[in-house]
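Student: I have a new model open and would like to reason through its contacts with you. Could we take the labels one at a time and check each against its cut-off?

Tutor: Gladly, let's begin with the ligands.

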Amino acid sequence: MGERKQVAIGIVGCGFYAQNHLHAWADLRREGALLTAVCDRDPDKARAAGDKFGVPFFTDMAKMLDETRVDLVDIATRMDTHQELAAIAAERGIGAIVQKPLAPTWQECVAIVDKTRRHNAWLAIHENFRFSTGMRNVKKVLDQGTIGRPSWARLSWRTGFDVYRGQPYLAEEKRLVIQDVGIHVLDLARYFLGEVEHLSCETQKRNPNIRAEDTATIMMRHASGAVSVVEATYAARRGDDPFPETLLEIEGDSGSIIVTKGEKMTVSTQGLSFVEAIGGPLLSWTSRPWHVSQEAVLHTNRHMFGRFRDGLPADTSGEDNLKTYALVEAAYESASAHKSVKPVLWK
Ligand code: NAD
Ligand code: 89V
């Protein structure tokens, strides 16, 4: 079997979270992912990343693509810049990975996916919660049928961790907890229980110092008949804060899966229960408490680089992620109308 094709990777955006992307690509070098260039419109951040990872650095994406070989560009900037940057990649037929949320509005998300399709370019959304070791272990138990057909679930992401310290922009966003973290948990609900027929949502703003909602409670009916509750908050005041873990309970016809803090999974079936630690290891560049989220970046990048290299769509392709984003839109619509809403279907 010949040497697997190497893929040249360029990163745009070298800010807070991109540090995890940079380390993940460095780890994936031995698997054929070659980081060839970095870019940030802030020259100091561009230089810092270029020097740290030993690659040329740029302050303009188009210039980076003109002057270096890049097969797949990893866009780790904020959502207000994604449409412009994804368009540059699509027009050049270069593959793109875009951080979540794909864009501030549904219309922009659809425009990005439409444009990429028109240019027959490859697009994936860096929706990494489902790629974390813990969540993939839950999926494995579900797929093995150990608890039977899943019919009810609660997926809970509740914290009081000061997310505003690393991401101060969150305090000024027009839409917050659903668009920023709810989107991850809604994607997990689709991943475990399938597509959604309708949902109801109530939001709250419990922190007076921020602009938008910091708490959301969403109830969903899935096409399978299952019912799920998705909860997300940045305003919990709990002793044993599970940040950044998603805690969950999934009940099926013949058993249940419960994940508690510390990524501990209890599987119960036929009157027996098995407890297992399902999290991934600390890596040389990860640290508590962010390690769960950081490790998920490595697995997400590996999945996307592998699918790109094999000419296959990613599990969280642009098209797939529109189904998750449609739930974000439906949740905001339901919260403002206080009624149940059907998610829009993209053609
Ligand atoms: P940040 O503001 O710290 O970093 C963004 C960087 O992009 C900045 O350094 C900025 O200078 C640069 N930039 C902006 N426009 C640019 C352009 N046109 N060309 C080049 N560089 C440009 O933001 P962040 O907190 O790192 O968030 C980035 C994205 O990651 C957001 O979409 C956020 O939602 C997402 N995020 C995801 C996770 C996760 O996947 N679990 C966690 C945190 C943040
Ligand atoms: O993971 C994220 O998308 C971040 C969060 C604060 C939730 O960690 O924005």
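Tutor: In this predicted model, an oxygen atom of ligand 1 is 2.6 Å from an N or O atom in the side chain of aspartate 40.

Student: What makes that a polar contact?

Tutor: The cut-off for a pair of N or O atoms is 3.5 Å. The aspartate 40 pair, at 2.6 Å, lies within 3.5 Å, so the label applies. Ligand 1 also has an oxygen atom 2.9 Å from a backbone N or O atom of phenylalanine 16, and one 3.4 Å from a polar backbone atom of threonine 77.

Student: How much of ligand 1 does the protein cover?

Tutor: On its own, ligand 1 has 850 Å² of accessible area, and the protein covers 91% of it. There are 23 residues around ligand 1, and Tyr17, Asp40, Lys100, Asn128 and Tyr169 come nearest.

Student: Which side chains make polar contacts with oxygen atoms of ligand 2?

Tutor: Among them are lysine 100 at 2.8 Å, glutamine 167 at 3.0 Å and aspartate 180 at 2.6 Å. Ligand 2 taken alone exposes 260 Å², of which the protein buries 93%. The residues around ligand 2 include Trp157, Tyr234 and Trp290, which also belong to one aromatic cluster with Phe16, Tyr17, Phe161, Tyr164 and Phe243.

Student: Let's look at the rings, then. How many aromatic pairs are there in the whole structure?

Tutor: A search finds 11. One of them joins tryptophan 157 and phenylalanine 243, with 5.8 Å centre to centre and 75° between the planes.

Student: Why is this pair called edge-to-face?

Tutor: Centres must lie within 6.5 Å, and planes over 60 degrees apart count as edge-to-face. With 5.8 Å and 75°, tryptophan 157 and phenylalanine 243 meet both conditions, so the pair is edge-to-face. Tryptophan 157 is in strand S7, phenylalanine 243 is in the loop between strands S10 and S11, and they are 86 residues apart.

Student: How do you know that both residues are buried?

Tutor: Buried means under 20% relative accessible area. Tryptophan 157 has 4%, so it is buried; phenylalanine 243 has 8%, so it is buried too.

Student: What makes tyrosine 164 and tyrosine 234 edge-to-face?

Tutor: Their ring centres are 6.2 Å apart, within 6.5 Å, and their planes are at 75°, over 60, so the label fits. Tyrosine 164 is in helix H7 and tyrosine 234 in the loop between S10 and S11, 70 residues apart.

Note on methods. Residues numbered from 1 in each chain as written. Chains lettered and ligands numbered in written order. Predicted model: local features only at pLDDT ≥ 70, side-chain atom pairs only at ≥ 80, totals over all residues. Heavy atoms only, no water. Phe/Tyr/Trp six-rings, centres within 6.5 Å; stacked < 30°, edge-to-face > 60°. Helix = DSSP H or I, 4+ residues; strand = E, 2+ residues; numbered from the N terminus. Buried < 20%, exposed > 50% of the residue type's maximum accessible area, 1.4 Å probe, protein only. Near = heavy atom within 4 Å. Polar contact = N/O pair within 3.5 Å; in protein donor to acceptor, adjacent residues only side chain to side chain. Areas by Shrake-Rupley, 256 points an atom, 1.4 Å probe, with all protein chains shown as cover.
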